[in-house]
Amino acid sequence: LPNCSTIELFVNRLDSVESVLPYEYTAFDFCYDESEKRPSENLGQVLFGERIEPSPYKFSFKKNMECQSVCPKSYNTEKAEDKAKLEFLKKGMLLNYQHHWIVDNMPVTWCYDVEDNQKFCNPGFPIGCYVTDTGRAKDACVVNADFNDKDTFYIFNHVDITIFYHVVENEAAGARLVAAKLEPKSYKHTNWEKPDCTGPPMSLGNKFSGEIKIPYTYSVKFVEDKTIRWASRWDYILESMPHTNIQWFSIMNSLVIVLFLSGMVAMIMLRTLHKDIARYNQMDSVEDAQEEFGWKLVHGDVFRPPRKGMLLSVFLGSGTQIFIMTFVTLFFACLGFLSPANRGALMTCAVVLWVLLGTPAGYVAARYYKSFGGEKWKTNVLLTAFLCPGWVNEEINNSFEFKVVFADFFVMNLILWGEGSSAAMPFGTLVAILALWFCISVPLTFIGAYFGFKKSGIEHPVRTNQIPRQIPEQSFYTKPLPGIVMGGILPFGCIFIQLFFILNSIWSHQMYYMFGFLFLVFIILLITCSEATILLCYFHLCAEDYHWQWRSFLTSGFTAVYFLVYAIHYFFSKLQISGLASTILYFGYTMIMALIFFLFTGTIGFFACFWFVTKIYSVVKVD
C-alpha cells in the first residue's frame with residue numbers, strides 16, 4: 001500500500017451462537033453506504049449465507065483519526081416502523097449477535113483476555129449486550145463496570161480500530177497490512193456533530209418509550225509491526241482458538257488407539273483365514289468334502305442377489321459420488337487451496353465436484369444393479385440421478401420421489417426466508433443449482449449408467465445354486481441387528497473428536513483449518529469401516545448366513561446413527577440455541593449430514609466386504 005491510499009472496510013452478515021439464523025448487516029438498521037457497489041460472492045459464500053457489503057467507515061493508510069462521526073440513527077417508539085427496528089436491535093443484543101468486518105480479506109478481530117492469562121482473538125464483536133432485571137451482566141456486558149443498570153441494553157456504537165502493517169523492503173514506498181484489531185465501546189455522545197468519545201455509555205432501557213438518538217463513531221490508528229510476516233498473518237487468530245492445545249493430544253491419542261485396533265483386526269483375519277484356506281484346500285477325499293464346515297458351506301449362495309437390489313445399487317452409486325467428492329475436497333484443502341482466507345472455496349469445490357461426479361455414480365449403480373440381476377435399468381438410472389438419497393418402492397416402475405436432501409433443503413430455505421435470514425438462498429442461486437443438477441449432473445449420470453449397463457456383468461468366482469440354502473438358527477451375536485449396532489462403534493470412535501471441532505466450526509462459528517488431521521482421520525475412518533465390516537462379515541459367513549450385501553452396507557453405515565446421537569448430545573450440552581426456527585434448522589441440517597454420512601460409510605463397508613468375499617472364494621477349491 002502506498003501512503004494515503006484508501007483502505008476499504010467491508011461488513012459481512014451477523015450471526016450468533018444462540019441462533020442458527022444469520023442476518024444481513026442492513027437488517028439491523030446500522031449506518032451503511034448506498035453509493036458503493038457490493039463485491040460479488042461465489043457459490044459457497046451464498047450457500048453459507050455470507051453477504052459482504054461496503055461500509056461507511058472510511059480511512060486512509062497511515063492517517064490516524066480520532067472519534068469520527070459515521071451517522072446518527074433516530075427512533076421514535078410511537079412510530080410502528082421505528083419501534084420494530086428498535087425491537088429487532090434489542091433482539092440482536094439479547095441473542096449476542098456478532099459483527100464480522102473485513103479489511104484486506106482479513107477478519108477484524110476483537111482480542112481480549114480469558115482464563116490463564118491467555119488472549120483470545122474473536123473474528124467478530126457484539127452489537128451490544130444486556131444486563132438482566134436481576135442485575136446480572138450477560139455476555140460482553142462484563143467488560144465494563146459502568147454497564148450496571150438493571151433491565152438495560154448497552155449498544156457498542158463506537159469502535160477503536162488498530163491497523164498493523166509492515167513496510168516492504170525492495171518495493172518503492174510500499175507496505176502490507178498484517179492485522180486489523182478493534183475494541184468496541186459505548187458512548188452516549190451528547191453532541192453527536194462534534195463527538196468527543198467520553199462520558200457515560202449508550203444505554204437503552206428494555207421498557208423505554210419515546211425518542212432516542214444513537215450516534216455511531218469510530219477511531220483509527222496505524223501501528224508498524226515488523227514481527228508478523230504477511231504469509232502468516234492469520235496465525236494469531238488460529239493460535240488463539242479455544243481447545244487447540246487439547247486437540248493435538250486428543251487426536252494423536254485417538255489415532256494410536258485406532259491404529260492398534262486396526263492392526264489387531266488385520267492380524268486375526270490374516271492368520272485365521274490362512275488356516276481356513278489351507279485346511280479347505282487339503283480336503284481331497286469325498287468323505288472330507290461331505291464334512292465341509294464354516295464359510296465354505298455357503299459358496300453356492302454367497303453371490304445370490306440381495307432383496308431390494310435396486311435400492312442398494314442406487315445407494316452405492318450415490319455413496320461413490322460422496323466418497324470421491326470428500327476425498328478430492330480434503331486433498332485440495334490439505335494443499336492449502338481451501339483455507340479460511342479463500343472465502344466460500346470449500347463449499348464451492350464440494351458442490352462443483354458433486355455435480356461433475358454424476359458419471360461414476362451412474363456407472364457404479366448400473367454395474368451393481370446388473371450384477372444383482374436387475375432388468376429395470378431406466379428406473380435405476382433415474383433413481384441414481386434424482387435420489388440423493390430418496391426413498392423408493394422397487395415395485396413402482398419408472399417412478400421416483402423427489403430428492404430427499406433437496407426437499408429437506410427446500411423446507412429449511414423456506415424457514416430461513418420466512419425469518420428474513422441472509423442464509424436463505426436467493427431465487428437466482430436456487431435456479432442456478434437446479435440448472436447445474438439437471439443440465440450437467442443428470443446427463444453425466446446417464447452417460448455413466450450407459451457404460452455401466454453396456455459392460456458385461458461382474459463375474460463371480462463361484463456359481464450360485466438354483467435352490468437357496470436354509471440358514472441355520474443364529475446365536476444372538478450373529479443375528480443382523482447386534483452385528484450392525486456393534487459395527488458402527490469402532491469407526492465412530494476414530495472420528496468423534498474431530499466431529500466436535502467440525503460441529504464447532506459449523507454451529508459456533510469457529511474457523512476450521514486443520515485439514516491435514518482431518519484427511520488423516522478420513523483415511524483411518526476408511527480403514528476401520530472396512531476392517532470392522534470384513535470382520536463381522538467373516539463371522540456371519542462362518543455361521544452359514546450368506547445375506548452379507550445389505551448387512552455390510554448397514555454395519556458401517558450405522559456409524560451415521562452414532563453421529564446423529566452425538567449431534568443431539570452436542571445440541572443439548574454445548575449449544576445455547578433458542579427459538580423454534582433455529583432448532584428446526586439445526587436438526588434439519590443435521591439430518592442431511594447424517595444421511596450423507598450414512599451413504600458414505602455404508603458404501604465403504606459394502607465395497608470392502610465385496611472385495612473380501614470375492615477374494616476368499618476365488619482362492620479356495622470348490623467342487
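In the predicted model, strand 2 (residues 9–11) and strand 5 run antiparallel and are joined by 2 bridges. V11 has E53 as its bridge partner in strand 5. These two strands belong to an open sheet of 4 strands, ordered 5-2-9-10, in which the pairing is antiparallel. Strand 5 (53–54) and strand 10 (106–107) form the edges of this sheet, each pairing on one side only.

The secondary structure of the chain as a whole amounts to 17 helices and 19 strands. Of its 623 residues, 52% count as buried. When contacts between residues at least 6 apart in sequence are considered, 77% of them join residues at least 24 apart. The accessible surface of the chain is about 29,800 Å², and carbon and sulfur atoms account for 60% of that area.

Strand 19 (residues 211–224) takes part in pairings of both senses. With strand 7 (residues 65–76), the pairing is antiparallel and extends over 9 bridges. Within strand 19, Y216 is the residue that stands opposite C71. Strand 16 (residues 158–168), by contrast, runs parallel to strand 19, and 8 bridges join the two. Here I163 is placed opposite F222 of strand 19. In general, the strands of a sheet pair through backbone hydrogen bonds, and the arrangement may be parallel or antiparallel.

Helix 1 spans residues 43–47 and includes V46. V46 counts as buried because its relative accessibility is 11%, below the 20% cut-off for that class. Apart from neighbours within four places in sequence, V46 is in contact with E41, R51, P426 and T429. A further long-range relation concerns M347: the C-alpha atoms of V46 and M347 are 9.6 Å apart in space, while the two residues are separated by 301 residues in sequence.

An unreviewed UniProt entry annotates residues 248–270, 314–338, 344–365, 430–453, 484–503, 515–541, 553–572 and 584–613 as "transmembrane region". Two of these annotated spans may be described by their modelled conformation. Residues 344–365 are 91% helix and 0% strand, with 31 Å between the end C-alpha atoms. Residues 553–572 are 95% helix and 0% strand, and in that span the end C-alpha atoms lie 30 Å apart.

The annotated span 314–338 can be considered together with a nonpolar surface patch of about 470 Å², which is made by F327, F331, F332, L335 and F337. Of these residues, F332 is located in helix 6 (residues 309–334). F332 counts as partly exposed because its relative accessibility is 32%, a value that falls between the 20% and 50% cut-offs.

Helix 12 (residues 480–487) has P482, G483, I484 and G487 as its buried residues. The elements covering these buried residues include helix 13 (489–507), helix 14 (515–542) and helix 15 (549–557).

Key. Residues are numbered from 1 along each chain as its sequence is written. This is a predicted model: local features need pLDDT of at least 70, side-chain atom pairs count only at pLDDT 80 or more; totals for chains, interfaces and linings use all residues. Side-chain values use heavy atoms; hydrogens and water are left out. Two strands pair if DSSP finds at least two bridges between them. Buried means under 20% relative accessible area, exposed over 50%, partly exposed in between (1.4 Å probe, protein chains only). Contact means heavy atoms within 4.5 Å. UniProt positions are given in the numbering used here, feature names are shortened, and annotations may be inferred rather than shown by experiment. Patches are made of residues with over 30% relative accessible area and no salt bridge: like charges are joined within 9 Å, nonpolar side chains (Val, Leu, Ile, Met, Phe, Trp, Tyr) within 5 Å. Accessible areas come from the Shrake-Rupley method with a 1.4 Å probe; for residues, only the protein chains shown count as cover. A salt bridge is a side-chain nitrogen of Lys or Arg within 4 Å of a carboxyl oxygen of Asp or Glu.
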